[in-house]
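Q: I should like to learn how to read the features of a structural model, one at a time. May we work through an example together?

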Amino acid sequence: MERARFAHQVAEKRRLIKQYKMERERQQKLEEKEEIKRLRKELIPKAQLMPYFDRPFIPRRSKKQPTVPREPKFCIPRHKTIKCCRMSCNDMSGPSRLQHLPSSVEKAEALYQQRGQLKEEQLMKKIQKLVGEEEKLWMPIAQGLPWTTEEPKCLIKPPVKKNTIPIDLKLHSDIRAVERARFAHQVAEKGRLIKQYKMERERQQKLEEEEEIKRLRKELIPKAQFMPYFDRPFVPRRSEKQPTVPREPKFCIPRHKTIKCCRMSCNDMRGPS
């Protein structure tokens, strides 16, 4: 039973894999067809306009003035300008008046450098974490004990994996097979009962026929018949009744039928034909 179930599961898996492959190939073919149709629509040769041979194209100089380049303005928002002004006032009031203020480009470079340092630190932490996990998963090879030690060393045991517990799969096809077998058993049982009922009925009919034959044999005992009278033989005589006189048949039509026929004839006569 288990062998048959395993073979059925393998056949079901193969059928599903084959069906998946066929569906995938069909989808690929449909996509290729759609792509070919799209390319054909895009690559349709379009009608080009004929050039004016009597009026050839002569390039002319544009009347617009050339674009004058302007110096870019690195504008600072209002709240930052106020802050910078305050800082400059404080610096001017202090001893270090000629201190250089950082520009927007220097600020951007400092921000990029800080962001790069943070990313490098994160990457290094990630690499160290992966190396530590690999070292934990590494299984050390058992080494021989040295000859000089008096007490044996306790070696680290590698982690033991738990045994894989197989899961009992309940396929829909197995459930259907059980239901189908149950239904087939019910049908076979019903057919057997019907056949048994028919055989019993035929047996009862045969017994009743045999009883009827026995009863008739008892009742229908052959008896002696009377002998005919040879001195008074049977002589047929002519009948005294008068012969039947035939009458002429009367093909009479009922009254309601005669009225209907008359109406139909009147309507026919009134018509155009």
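Q: In which helix do Arg-26 and Glu-23 lie, and how many residues apart are they?

A: Please note at the outset that this is a predicted model. To place a pair of residues, one looks for the element that holds them and then for their spacing in sequence. Here Arg-26 and Glu-23 both lie in helix H1, with a spacing of three residues, about one turn of the helix.

Q: What do the side chains of Arg-26 and Glu-23 form, and how far apart are the closest N and O atoms?

A: A salt bridge is recognised by the distance from a side-chain nitrogen of Lys or Arg to a carboxyl oxygen of Asp or Glu, which must be within 4 Å. Arg-26 and Glu-23 form such a salt bridge, and their closest N and O atoms are 2.5 Å apart.

Q: Is Arg-26 buried, partly exposed or exposed?

A: The relative accessible area decides the class: under 20% is buried, over 50% is exposed, and the range in between is partly exposed. Arg-26 has a relative accessible area of 41%, so this residue is partly exposed. Its partner Glu-23 has 36% relative accessibility and therefore also counts as partly exposed.

Q: Which side chain meets that of Glu-35 in a salt bridge?

A: The partner is Arg-38, with an N to O distance of 2.2 Å. Glu-35 and Arg-38 are three residues apart in helix H1, so about one helical turn separates them. Glu-35 counts as partly exposed because its relative accessibility is 36%. For Arg-38 the relative accessibility is 37%, so it too counts as partly exposed.

Q: Where do Arg-203 and Glu-200 lie?

A: Both residues belong to helix H4, which covers residues 172-219, and they are three residues apart, about one turn of the helix. Their side chains meet in a salt bridge of 2.5 Å, N to O. Arg-203 is partly exposed, since its relative accessible area is 41%, and Glu-200 is partly exposed with a value of 37%.

Q: Which residues do salt bridges with shared partners join into one network?

A: When salt bridges share partners, they are read together as a group. In this model Glu-212, Arg-215 and Glu-219 are joined into one network in this way. The count for the protein comes to eight salt bridges.

Q: Is Glu-12 buried or exposed?

A: Glu-12 has a relative accessible area of 16%, and it is therefore buried. This residue lies in helix H1, residues 2-42. To see what surrounds it, one sets aside the neighbours within four places in sequence; Glu-12 is then in contact with Leu-171 and Ser-173. Of the 273 residues of the protein, 1% count as buried.

Q: Which residues make a nonpolar surface patch?

A: Leu-123, Met-124, Ile-127 and Val-131 make a nonpolar surface patch of about 350 Å². One of them, Leu-123, lies in helix H3, residues 104-137. For the protein, the accessible surface comes to about 31400 Å², and carbon and sulfur atoms account for 59% of it.

Q: Over which ring does the charged end of Arg-232 sit?

A: The charged end of Arg-232 sits over the ring of Tyr-229, at 4.6 Å from the ring centre. As for pairs of aromatic rings, the count comes to zero.

Q: How many helices and strands does the protein have?

A: An overview lists the elements by kind and then by order. The protein has five helices and zero strands, and from the N terminus on the elements run α-α-α-α-α.

Definitions and conventions
Residues numbered from 1 in each chain as written. Predicted model: local features only at pLDDT ≥ 70, side-chain atom pairs only at ≥ 80, totals over all residues. Heavy atoms only, no water. Helix = DSSP H or I, 4+ residues; strand = E, 2+ residues; numbered from the N terminus. Buried < 20%, exposed > 50% of the residue type's maximum accessible area, 1.4 Å probe, protein only. Areas by Shrake-Rupley, 256 points an atom, 1.4 Å probe, with all protein chains shown as cover. Phe/Tyr/Trp six-rings, centres within 6.5 Å; stacked < 30°, edge-to-face > 60°. Lys NZ or Arg CZ within 6 Å of the ring centre and 35° of its normal. Contact = heavy atoms within 4.5 Å. Patch = residues over 30% accessible without salt bridge, like charges linked within 9 Å, V, L, I, M, F, W, Y side chains within 5 Å.
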